[in-house]
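Visitor: I'm new to this one, so could you walk me through it?
Guide: Sure, let's put it up and take it piece by piece.

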Amino acid sequence: MQLSADDVYKYSQEKNVVILDVRDASFLKEGMIKGSIWVGFDGSFANYVGSLFDPADRFVLYGTGEEAKEAITRLFRIGYINIIGHANFEFKEWKDKKLPL
């Protein structure tokens, strides 16, 4: 499910929801959603996710459609299937709405 910036903010306030930033690292200089965790697609994605999060956690993915698709595939491979949706808005929108950084 495609999520808006407002949707992501709403979910970020809920318990057991992880905002997983899967954007290319070059975009991190724009900023990050407060409370989000960036995970790159190098060889340690599964180890990193598996060591930090519980399979019962619910995930919101922030990145392009292709990045979200890749993250979903990798999450499913390790049994993390509670995907709420993904967001692909420009980070400027988050800042313009004065949402927490």
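Visitor: Which residues does Val 8 touch, not counting residues up to four places away in sequence?
Guide: Keep in mind that this is a predicted model. Leaving out anything up to four places away in sequence, Val 8 still has a whole list of contacts. They are Leu 3, Ile 19, Ile 33, Val 60, Ala 87, Phe 89 and Trp 94.

Visitor: Which element gives the largest share of the largest nonpolar core?
Guide: That core has 15 residues, and Val 8 is one of those that touch the most other members, along with Leu 3, Ile 33, Val 60, Phe 89 and Trp 94. The elements giving two or more residues to the core are H1 (5-12), S2 (17-21), S4 (58-62), S5 (83-87) and H4 (91-96). With 3 residues, the largest share comes from helix H1.

Visitor: And how many residues are in the other core, the one that lies apart from it?
Guide: As a rule of thumb, nonpolar side chains in soluble globular proteins tend to be buried together. Here a second core lies apart from the largest one, with Leu 20, Val 39, Phe 45 and Ala 68 among its members. Its size is 13 residues.

Visitor: Let's turn to charges. How far apart in sequence are the parts that Asp 6 and Lys 97 tie together?
Guide: The side chains of these two meet in a salt bridge, at 3.1 Å from N to O. Asp 6 sits in helix H1 and Lys 97 in the segment after H4, so the pair links parts of the chain separated by 91 residues.

Visitor: Is Arg 23 buried or exposed?
Guide: Arg 23 forms a salt bridge with Glu 30, their closest N and O atoms being 3.9 Å apart. Glu 30 has 32% relative accessibility, so Glu 30 counts as partly exposed. For Arg 23 the relative accessible area is 7%, and the cut-off for buried is under 20%, so Arg 23 is buried.

Visitor: What separates Asp 96 and Lys 92 along helix H4?
Guide: These two, both exposed, form a salt bridge with the closest N and O atoms 2.7 Å apart. They are 4 residues apart in helix H4, so the separation is about one helical turn.

Visitor: Which residues do salt bridges that share partners join into one network?
Guide: The structure holds 6 salt bridges. The Arg 23 and Glu 30 pair is one of them, and shared partners bring in another residue. The network is Asp 21, Arg 23 and Glu 30.

Note on methods. Residues are numbered from 1 along each chain as its sequence is written. This is a predicted model: local features need pLDDT of at least 70, side-chain atom pairs count only at pLDDT 80 or more; totals for chains, interfaces and linings use all residues. Side-chain values use heavy atoms; hydrogens and water are left out. A nonpolar core is a set of buried Ala, Val, Leu, Ile, Met, Phe, Trp, Tyr and Cys residues joined through side-chain atoms within 4.5 Å. Buried means under 20% relative accessible area, exposed over 50%, partly exposed in between (1.4 Å probe, protein chains only). Contact means heavy atoms within 4.5 Å. A salt bridge is a side-chain nitrogen of Lys or Arg within 4 Å of a carboxyl oxygen of Asp or Glu.
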